[in-house]
Amino acid sequence: MLKDTVRTLSYRNAIYQNSHLFANKIVLDVGCGTGILSMFCVKAGAKHVIGVDMSHIIDQAKKIVALNGMADQITLLKGKMEEVTLPFSKVDIIVSEWMGYFLLYESMLDTVLWARDRYLVHPPFPIFLTFLHSHWFQPRWAFVVYFWGVGRD
């Protein structure tokens with residue numbers, strides 16, 4: 001993801017342009033990888049971000065987050081989303097780059113839906129920010145979905 005500048009900047013812009021939604025919110029980053037989306041959320045004003053990833057990349061993410069001075073605002077957990085214990089019982093926003101390539105590689109839809117049902121607060125506040133992209137089609141889209149309702153670009 002990091003080498004795909006267009007994709008990464010699209011995600012950053014979607015978060016920054018909706019910074020009013022992130023202000024003082026608790027955010028869950030499902031499949032956080034290097035923690036780039038988590039850091040974007042902090043820069044956009046999130047109160048705290050919990051990043052979860054089951055791969056060893058989380059060890060590098062911890063170093064990256066610390067080097068960027070965000071270790072107090074981002075908690076990174078290694079393990080399956082369905083098995084880790086979050087430091088908060090509910091979250092206001094879930095972010096995830098869940099689709100992988102063509103819905104095949106790294107596809108985590110089931111995990112993201114599980115996290116939504118288990119951790120996302122009830123209306124009127126919850127927000128689910130997901131990124132839809134394709135390496136074959138332009139433009140790249142970012143949707144903000146209010147409690148799994150109607151999206152907007």
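Two strands count as paired here if DSSP finds at least two bridges between them. Keep that in mind for the views below, which all come from a predicted model.

**View 1. Strand 1 and strand 4 run side by side.** With 3 bridges between them, strand 1 and strand 4 (residues 93-96) clear that bar and pair in the parallel sense. If you want a spot to zoom in on, try Asp29, which sits opposite Val95 of strand 4.

**View 2. Strand 1 has strand 2 as a partner too.** Strand 2 covers residues 48-53, and its pairing with strand 1 is parallel, over 5 bridges. Val27 and Val49 of strand 2 stand opposite each other. To get from strand 1 to strand 2 the chain passes through helix 3 (residues 36-43), and this β-α-β crossover is right-handed.

**View 3. Strand 1 is covered on both faces.** Ile26, Leu28 and Val30 are buried on one side, and Val27 and Asp29 are buried on the other. That makes 5 of the 5 residues of strand 1 (residues 26-30) buried, so the rest of the structure largely encloses this strand.

**View 4. A salt bridge links helix 4 to strand 3.** Asp59 and Lys78 form the pair, and their closest N and O atoms are 3.9 Å apart. The cut-off is 4 Å, so this one makes the count. Asp59 belongs to helix 4 (residues 57-67) and Lys78 to strand 3 (residues 74-78), so the contact ties together parts 19 residues apart in sequence. How exposed is Asp59? Asp59 is partly exposed, at 36% relative accessible area. Lys78 is also partly exposed, with a value of 39%.

**View 5. Arg116 and Asp117 form a salt bridge.** Side chains of opposite charge can pair when their charged atoms come close. Here the N to O distance between Arg116 and Asp117 is 2.7 Å. Is Arg116 buried or exposed? Arg116 is buried, at 18% relative accessible area, while Asp117 is exposed at 56%. The salt-bridge count for the model comes to 2.

**View 6. Zooming back out to the chain.** There are 5 helices and 7 strands, and from the N terminus the order of elements is α-α-β-α-β-α-β-β-α-β-β-β. Of the 153 residues, 48% count as buried. Take the contacts between residues at least 6 apart in sequence: 62% of them join residues at least 24 apart. The accessible surface is about 8,300 Å², with 59% of that belonging to carbon and sulfur atoms.

Note on methods:
Residues numbered from 1 in each chain as written. Predicted model: local features only at pLDDT ≥ 70, side-chain atom pairs only at ≥ 80, totals over all residues. Heavy atoms only, no water. Buried < 20%, exposed > 50% of the residue type's maximum accessible area, 1.4 Å probe, protein only. Helix = DSSP H or I, 4+ residues; strand = E, 2+ residues; numbered from the N terminus. Right-handed = clockwise from strand over helix to strand, strands pointing away. Contact = heavy atoms within 4.5 Å. Areas by Shrake-Rupley, 256 points an atom, 1.4 Å probe, with all protein chains shown as cover. Salt bridge = Lys/Arg side-chain N within 4 Å of Asp/Glu carboxyl O.
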